[in-house]
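The following exercises are to be worked through with the sequence and the structure at hand. Each task is followed by a solution in steps.

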Amino acid sequence: MSKLSNNQGRGYEYACIHELFLFINKIRPAMIKKNSSLESAEKAYNSLSKSQKEDYRKSAKAMIPTICECEPRITENDGDMLELFIQQDEEGEKGDVRDIIILRSELKWEVGLSIKHNHFAVKHSRLSPTIDFAKKWFGYPCSNKFWDEVNPIFNTLEKAKQNGKKFCEIANKEKNIYEPIIHAFINEVKHQYKSHPDIPAKMVEYLLSKYDFYKVVSLDDKKITQIQTYNLHKTLNKSAKKRKPSLIIPVVSLPTSIIKIDFFPNRTNTAELYLNNGWYFTFRIHNAETYAVPSLKFDIQLKGMPIEVLTINCIWK
């Protein structure tokens with residue numbers, strides 16, 4: 001991720017948490033918990049132009065009424081303190097993609113928002129000789145066959161690194177690097193699925209989140225803030241003491257089987273994965289650096305979702 005994209009993403013997180021606080025604090029006691037993530041987000045926000053800040057605030061304000069309609073416990077004034085905080089980046093590595101947490105400790109209740117600025121990317125996971133992706137994603141180690149297939153490729157990249165080569169200078173990069181890596185990845189997922197029938201559900205929990213959440217995406221050009229609801233474990237949409245949610249969020253079924261995993265048609269650097277219950281992902285491998293290193297990055301996109309995942313468009317005012 002470029003410095004500009006990082007600043008925009010973190011700046012948008014700050015706009016969201018700040019506008020949430022201003023809205024909620026007028027209705028019930030609320031506070032923003034200070035931590036290093038908040039400091040980084042505020043610094044990024046302050047680096048934006050005046051017009052960008054205004055757009056980010058409008059975008060953040062647009063989603064708040066809908067979130068509160070889905071989660072009446074946010075505005076319920078029961079005499080306790082509601083906390084807002086931005087999570088540390090390390091939580092994402094543990095399978096928690098929620099950027100902003102809205103917490104009522106006394107009630108032992110929380111809800112999380114995943115904040116995105118002008119993109120819908122799911123994960124940017126890496127493959128390398130030191131990363132056991134199956135262990136990280138599913139909890140089961142990669143097979144020896146997988147390592148036998150990919151290690152020669154990473155050795156080639158290591159030699160290119162030692163020679164100071166750029167990725168673009170590697171001969172037949174698509175055929176000699178990307179295609180065999182994708183082939184090994186596809187075969188390993190198939191192998192893991194044969195041995196472990198819970199792979200489909202674990203795949204989605206890793207790629208999306210182990211925790212239920214609302215995805216909040218600012219689409220600046222359209223002047224729309226889009227909310228997607230991921231109620232995988234029935235923790236969203238809880239009633240307050242005196243009020244039920246005015247928007248009902250369906251429970252989303254995790255997949256139980258792999259329908260197909262193979263190369264994306266006419267692409268040697270991309271795999272596609274079809275799961276039951278409406279899930280469809282693509283995995284595009286690419287080099288994230290200019291100069292060769294023995295590490296490659298996935299751009300993972302969620303291309304198909306169950307109908308129970310609601311998409312709500314909130315127009316800016």
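**Exercise 1. Determine whether N237 is buried or exposed, and identify the partners of its side chain.**

Step 1. N237 has a relative accessibility of 13% and therefore counts as buried; buried denotes under 20% relative accessible area, exposed over 50%, and partly exposed the range in between (1.4 Å probe, protein chains only). The model is predicted: local features need pLDDT of at least 70, side-chain atom pairs count only at pLDDT 80 or more, and totals for chains, interfaces and linings use all residues. Residues are numbered from 1 along each chain as its sequence is written, and side-chain values use heavy atoms, with hydrogens and water left out.

Step 2. Locate the residue: N237 lies in the loop between strand 7 (224–230) and strand 8 (258–263). Strands (E, at least two residues) and helices (H or I, at least four) are DSSP runs, numbered from the N terminus.

Step 3. List the polar contacts, that is, pairs of N or O atoms within 3.5 Å; within protein, one must be able to donate a hydrogen and the other to accept it, and residues adjacent in sequence count only if both atoms are side-chain atoms. The N237 side chain reaches the backbone oxygen of C70 at 2.8 Å and the backbone nitrogen of I249 at 2.7 Å.

Step 4. Widen the search to contacts (heavy atoms within 4.5 Å). Beyond its neighbours within four places in sequence, N237 touches residues including C70, E71, Y214 and P245.

**Exercise 2. Explain why C70 forms no bond with C314.**

Step 1. A disulfide is a covalent bond between the sulfur atoms of two cysteines. The criterion applied is a pair of cysteine sulfur atoms within 2.5 Å.

Step 2. The closest cysteine sulfur to that of C70 belongs to C314 and is 8.8 Å away, too far for a bond. C314 is likewise in no disulfide, and the count by this rule is 0.

Step 3. Consider accessibility: C70 is buried at 1%, and C314 is buried at 6% relative accessibility.

**Exercise 3. State how many residues of strand 11 are buried, and which strands pair with strand 11.**

Step 1. In strand 11 (residues 296–304), 7 of the 9 residues are buried.

Step 2. Pairing requires that DSSP find at least two bridges between two strands. Strand 10 (residues 280–286) pairs with strand 11 in the antiparallel sense over 7 bridges; T282 has Q301 as its bridge partner.

Step 3. Strand 5 (residues 126–127) also pairs antiparallel with strand 11, over 2 bridges, and L127 is matched with L296.
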